[in-house]
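Q: Got a minute to go through this one with me? I'd like to start with a single loop residue and work outwards.

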Amino acid sequence: IPIKGFSLFRGLAPPLLMDTSHCRLWDPANRSLVCDFGSGKALVGGPGALNDVETSPGPPVSSSAAMRLFSVMRYSVKLVFDEDFKAARAVTIPSFAPSFTLMGELQERVFVEKLERADVASKGEWPWPEGGSFDGAWVRNNYAHGVDKPPGTGYALLPVLTDKGLNERNFALAKVRPSPPRGAQSGRSAFISRRLVGESRRSSARAT
C-alpha cells in the first residue's frame, strides 16, 4: 500500500488523521485502495472544534458534527494510483444518497485534484504548511485552473506513524493546532496518543 499508517492533515478542516490500516480492498492490478471515511476509523476527527486558519478560513467546524455527516453520507473514497505510485486520483464511491454522490463527482470534475508524493509534487500558489516533516508525505493539489498551471490550493498529509516508526516531529505537530479552544490542547494530545498507542499494539500483534 503506497500510503501506510497514520497521516496528519495540514490545511484541511475538520479531519485530523487518516488511518490507512482501516482502508480495504487493495487491488495491486489496478493500484487502487478504498477508504471508508464514514466509519470513524479510516478518517479520524479530533476532539472539539477544529479549524486550520492557514487554508480553511471561517468559523471553527465541529469535528464530531462533520464525522456524523460523513457517517450519514457513507462517505467512501477510492484512491487510484498511477503506475510509478507518484500520484493518485480520488474517486467518490456511490453512496445510498445520490445527491451526495453527485456532489462528490462534481467536486472531482470542477477542482481537478490530485494526490501527489511530496518529493515530486508541484509547488503551487498556496504555501506548504511549516513546522512538519515532509519525508514520506503526500500533497493534495487543486488544478482547477488547468493541469498545466500551478495549483491554486491544496493540503498536506504528513506521516505520523508508519512501518518506519513514529515521526516525532509530525506527532508533536498533531498535538498542537492553531488557536485551539480552551482546554482542547490536553484533550487532543491524549486523544492522539491513545489512537497511536492502540495502532502500535495492533501492528505488533499482527507482526507476531
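Q: Asp135 first. Buried or exposed?
A: Exposed. This is a predicted model, and in it Asp135 has 60% relative accessibility. The cut-off for exposed is over 50%, so Asp135 counts as exposed.

Q: Where does Asp135 sit in the fold?
A: In a loop. That loop runs between β10 (113-117) and β11.

Q: How far is Asp135 from Arg117, C-alpha to C-alpha?
A: 9.7 Å. The two are 18 residues apart along the chain.

Q: Which residues lie nearest the centre of the second largest pocket?
A: Asp135 is one of them. The others are Gly136, Pro159, Thr162 and Lys164. In total, 25 residues line that pocket.

Q: What's the volume of the second largest pocket?
A: About 440 Å³.

Q: Which elements give two or more residues to its lining?
A: β1 (6-10), β12 (153-162) and β13 (165-166). β12 has the largest share, with five residues.

Q: And the lining by class, how many of each?
A: 13 nonpolar, six polar and six charged.

Q: Back to β12. Why call it largely enclosed?
A: Because eight of its 10 residues are buried. Buried here means under 20% relative accessible area.

Q: Which way does β12 run against β1, and over how many bridges?
A: Antiparallel, over five bridges. One pairing to look at is Leu8 with Leu158 of β12.

Q: What about β11 and β12?
A: Also antiparallel: five bridges join β11 (residues 138-142) to β12. Arg140 has Tyr155 in β12 as its bridge partner.

Q: And β13, how is that joined to β12?
A: By two bridges, with the strands antiparallel. Thr162 has Gly165 in β13 as its bridge partner. The two strands form a hairpin, with two residues between them.

Q: Where do side chains point in a strand, as a rule?
A: In a regular strand they alternate between the two faces of the sheet.

Q: Switching to a helix. Where is Asn170?
A: In helix α3, residues 168-174.

Q: Is Asn170 buried or exposed?
A: Buried. Its relative accessibility is 0%, so Asn170 counts as buried.

Q: What does Asn170 contact, skipping neighbours within four places in sequence?
A: Leu8, Gly132, Ser133, Leu158, Pro159 and Val160. Two of those are familiar: Leu8 and Leu158 are the bridge partners from before. Pro159 came up too, among the residues nearest the pocket centre.

Q: Which backbone atom lies 2.7 Å from a polar atom of the Asn170 side chain?
A: The backbone nitrogen of Ser133.

Q: New topic, backbone angles. What's the usual sign of phi?
A: Most residues other than glycine have a negative phi.

Q: What is phi for Leu25, then?
A: Near 55°, a positive value in a residue other than glycine. Leu25 is in strand β3, residues 24-27. At 56% relative accessibility, Leu25 counts as exposed.

Q: And Phe85, what's its phi?
A: About 55°, positive, although Phe85 is not a glycine. Phe85 lies in the loop between β8 (76-81) and β9 (87-92).

Q: How does Phe85 count for accessibility?
A: Partly exposed, at 29% relative accessibility. That value falls in between the cut-offs, under 20% for buried and over 50% for exposed.

Technical notes:
Residues numbered from 1 in each chain as written. Predicted model: local features only at pLDDT ≥ 70, side-chain atom pairs only at ≥ 80, totals over all residues. Heavy atoms only, no water. 1 Å grid on protein atoms, 1.4 Å probe; cavity = no way out; pocket = protein on both sides within 12 Å on 5 of 7 lines; lining within 4 Å. Points joined across faces, edges and corners; volume = space filled by probe spheres on them. Helix = DSSP H or I, 4+ residues; strand = E, 2+ residues; numbered from the N terminus. Nonpolar A, V, L, I, M, F, W, Y, C, P; charged D, E, K, R; others polar. Buried < 20%, exposed > 50% of the residue type's maximum accessible area, 1.4 Å probe, protein only. Polar contact = N/O pair within 3.5 Å; in protein donor to acceptor, adjacent residues only side chain to side chain. Contact = heavy atoms within 4.5 Å. Pairing = 2+ DSSP bridges.
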